[in-house]
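Visitor: I should like to learn how to read the features of a structure such as this one. May we take them one at a time?

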Amino acid sequence: MSASKDLKRRIQTQNIIIIALAIIIVVLVVVSSTAAWYIRTKSDSADIILSNPVNIYITEFEELKDGTGNVVTGEDGEPIKIHTLKTDILENYNTRVYPGDKIKMRLGMQIGSQEVEASPAYVRVKLVITYENIINGETSGLEILAKDNLIEYKDKPDEDNWELVNFNQYSQISNPELEDDYWYVLKTTNAGQTVAKVAYNLDTYEFIDGYIELNKLEITNEHANCLFHINYVVEAIQYANVPDPLVYQGYGPWWNFALGDIEDVGA
Amino acid sequence: MADDNNNQNKNNQNPQSSPKKEPKKVIDVTKPKSEPQRSSIDASRVSAHTLREQQALEKLKKQVGSLDQHDNRMSKIKTIVAIILIIILIIIIIAFVIVIGRTNRTEEENYDIRVSMEIENKSLLSVITESGKEELRKINPGDKLAISAYVRNANDYTGDVNTGSINPPNVFVRFRLKLILDYEDRYDILIPTMTDNWYKYNFEDESELANGVTEDDHFYYYCGSVPYQRRIELFSELEFSGDAITCDDGGKYGQIQVVVESIEADTNNLVNGIWPTAPQRWILDMVSGKYNTNN
């Protein structure tokens, strides 16, 4: 029994020695291999901060009224409008509509918010209609994009503030099959020239205060018994490094760089 | 055994049959004086049982013996393994000592790799506010800033002085440019303006080669070698890509980081894989002499 115990103790000692040797060999191999190359490394760094993103929110607005229900006006005599941030326009509007029916809209937008500051930006807006078939009382789930002229503005956006532009007009030269892509661009006048207006953080703007209707000439049997979605789309793009979309038409991201980018402006 | 019992019974019955006659005393010296009391166990069965125990004991002894033999064999094997490992260790140590010995002898001549680099015009990244306070300038997507960086084959960025007879080797150089944004390494945002002397991974170039690398390591490789004391430009301008910066990135702090690596300007180093992620096209062009690697 004593001999057997000695044998076991010897095997344990051998195990420890083998493991220790293996570890030493691995370490030496790693050290020697990494020491095989002579590479000198240097680095330098500099801190930066990126500008705020562009944030834009859709709003619905109404006139500010006093306690007696009278509309409050500003110094210019115009009613003061209160914008409410919305995530769903016409949220309570769920009525069967017939060609020629009018839909009241009071839509606007706000750049940035108190919480999330936005960088200065150009703004463009459009209304888009999509529709989906109702089959056996259930919607198909497949939304079809209607043509732009399905919407008829009975009360157009203020033409002093909004310029209607087809942003595909230059791309259509090389690709005539492209559909029109009309947007209203927020604008102003500078030395007699129409330029895109730069919107700043917390600025609010009205887009439409009036009625739209489904164009009687454009609506067909294809649209009958369909569920229509009215989509209010607002887009903002940073002012810095982007060519003015009204002055340099065809240049920049909104024009799909049809004629070039900012470095090509005036070239 | 049965005959013995009969005899004993006969002997025990004799005094009773003739009580008057004193029996003749017969002493059987072959038997013990006091007979031990016999048990009623069947002796034949006891004997068989003992036999089985003995057999089991023998079997156990054999097993123990074989275990000892196995342990002995293992012990011998482990002794041999340990001896082999010791030999390997000795060989590695000898090789290591030889390599270090050679290095010590040749370092002054060939392994004095020197490099220094700096990002210049960092002041463009900050502005002075109306209150006179310096703060970081907000970078817009698409901004281009004349921030440049240079590397010099010298320990001192402005050039080594009092070099004496020391003659460090030419070096091959590569550098990596990244923007660390929110603890994430971004290689897509910074677009450097640089000369044609820099080569970067090109998928098409690599796919044409049998051993082309498959992944961009984001390094820019200098096409040629840099002699001692010479300074070369890494880039002269940085553009912050308008396509790569998203609204989610807006407002975040970041850090531009430039890392330069240099090795001795020996094309054998490249062939031997000192930079294993380097584009094979660049390595082939360097080795083939397309670029001046001697200066």
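Guide: Let us start with a sheet, bearing in mind that this is a predicted model. Strands of a sheet pair through backbone hydrogen bonds, either parallel or antiparallel. In chain A, an open sheet of 5 strands follows the order β3-β2-β4-β12-β8, with antiparallel pairing.

Visitor: Which strands of chain A are the edge strands of that sheet?

Guide: They are β3 (81-86) and β8 (151-153) of chain A, each of which pairs on one side only. From one strand to the next, the twist averages 45°.

Visitor: How many bridges join β2 of chain A to β4 of chain A, and how many lie between β4(A) and β12 of chain A?

Guide: Strand β2 (residues 56-63) of chain A is joined to strand β4 (residues 102-111) of chain A by 5 bridges, and the two run antiparallel. Within this pair, A:Thr59 stands opposite A:Gly108 in β4(A). Between β4(A) and strand β12 (residues 204-214) of chain A there are 9 bridges, again in the antiparallel sense. Two residues of β4(A) may serve as markers here: A:Met105 has A:Gly210 in β12(A) as its bridge partner, and A:Lys104 stands opposite A:Tyr211 in β12(A).

Visitor: How should chain B be approached?

Guide: An inventory helps. Chain B has 5 helices and 14 strands, and 21% of its 295 residues count as buried. Among contacts in chain B with a separation of 6 or more, 79% are between residues 24 or more positions apart.

Visitor: In what order do the strands of the 3-strand open sheet of chain B come?

Guide: The order is β1-β6-β12 (chain B), and the pairing is antiparallel. Strands β1 and β12 (231-235) of chain B stand at the edges with a single partner strand each, so one side of each has no neighbour in the sheet. The twist in this sheet averages 25° from one strand to the next. Strand β6 (residues 148-152) of chain B pairs with β12(B) over 4 bridges in the antiparallel sense, and B:Val151 has B:Ile232 in β12(B) as its bridge partner.

Visitor: How does one read the buried side of a helix?

Guide: An α-helix has 3.6 residues a turn, so residues three or four places apart point the same way. The case here is helix α5 (residues 280-288) of chain B, whose buried residues are B:Trp282, B:Ile283 and B:Met286. Seen down the axis of α5(B), these buried residues fall within an arc of 100°, so they line one face of the helix. They pack against β10 (198-200), β11 (219-222) and α4 (267-271) of chain B. Just after α5(B), B:Gly289 takes a positive phi of about 90°.

Visitor: Which residues have the most contacts inside the largest nonpolar core?

Guide: They are B:Val171, B:Val173, B:Phe175, B:Tyr221 and B:Val258, in a core of 42 residues. Strand β7 (residues 171-181) of chain B gives the most to this core, namely 6 residues. If residues up to four places away in sequence are left out, the residues touched by B:Val171 include B:Ile113, B:Val115, B:Val226 and B:Ile263. A second, separate core has 35 residues, among them A:Leu107, A:Trp162, A:Ala196 and A:Ile237.

Visitor: What does β7(B) pair with?

Guide: β7(B) is joined to β14(B) by 11 bridges, and the two run antiparallel. In this pairing, B:Leu177 stands opposite B:Val258 in β14(B).

Visitor: How is the contact between the chains to be read?

Guide: The size of an interface is often given as the accessible area lost when the parts come together. Here one may count residues instead: the contact takes 53 residues from chain B and 36 residues from chain A. On the side of chain B that touches chain A, α2 (43-110), β1 (116-120), β4 (138-139) and β14 (253-264) of chain B each supply at least two residues. The largest share, 16 residues, comes from α2(B). By class, this side of chain B has 28 nonpolar, 13 polar and 12 charged residues.

Visitor: Which strands of chain B are joined by bridges to β1 of chain A?

Guide: There are bridges to β14(B) and to β4(B). With β14(B), β1(A) shares 10 bridges and runs antiparallel; A:Thr41 has B:Glu261 as its bridge partner there. With β4(B), strand β1 (residues 40-50) of chain A shares 2 bridges and runs parallel, and A:Ile49 stands opposite B:Lys138.

Conventions:
Residues numbered from 1 in each chain as written. Chains lettered and ligands numbered in written order. Predicted model: local features only at pLDDT ≥ 70, side-chain atom pairs only at ≥ 80, totals over all residues. Contact = placed C-beta atoms within 7 Å. Nonpolar A, V, L, I, M, F, W, Y, C, P; charged D, E, K, R; others polar. Pairing = 2+ DSSP bridges. Axes fitted to C-alpha atoms, helices over the stretch in contact; angles between N-to-C directions. Buried ≥ 20, exposed ≤ 12 C-beta atoms within 10 Å, placed from the backbone. Arc of directions from axis to C-beta. Core = buried A, V, L, I, M, F, W, Y, C linked by C-beta atoms within 7 Å.
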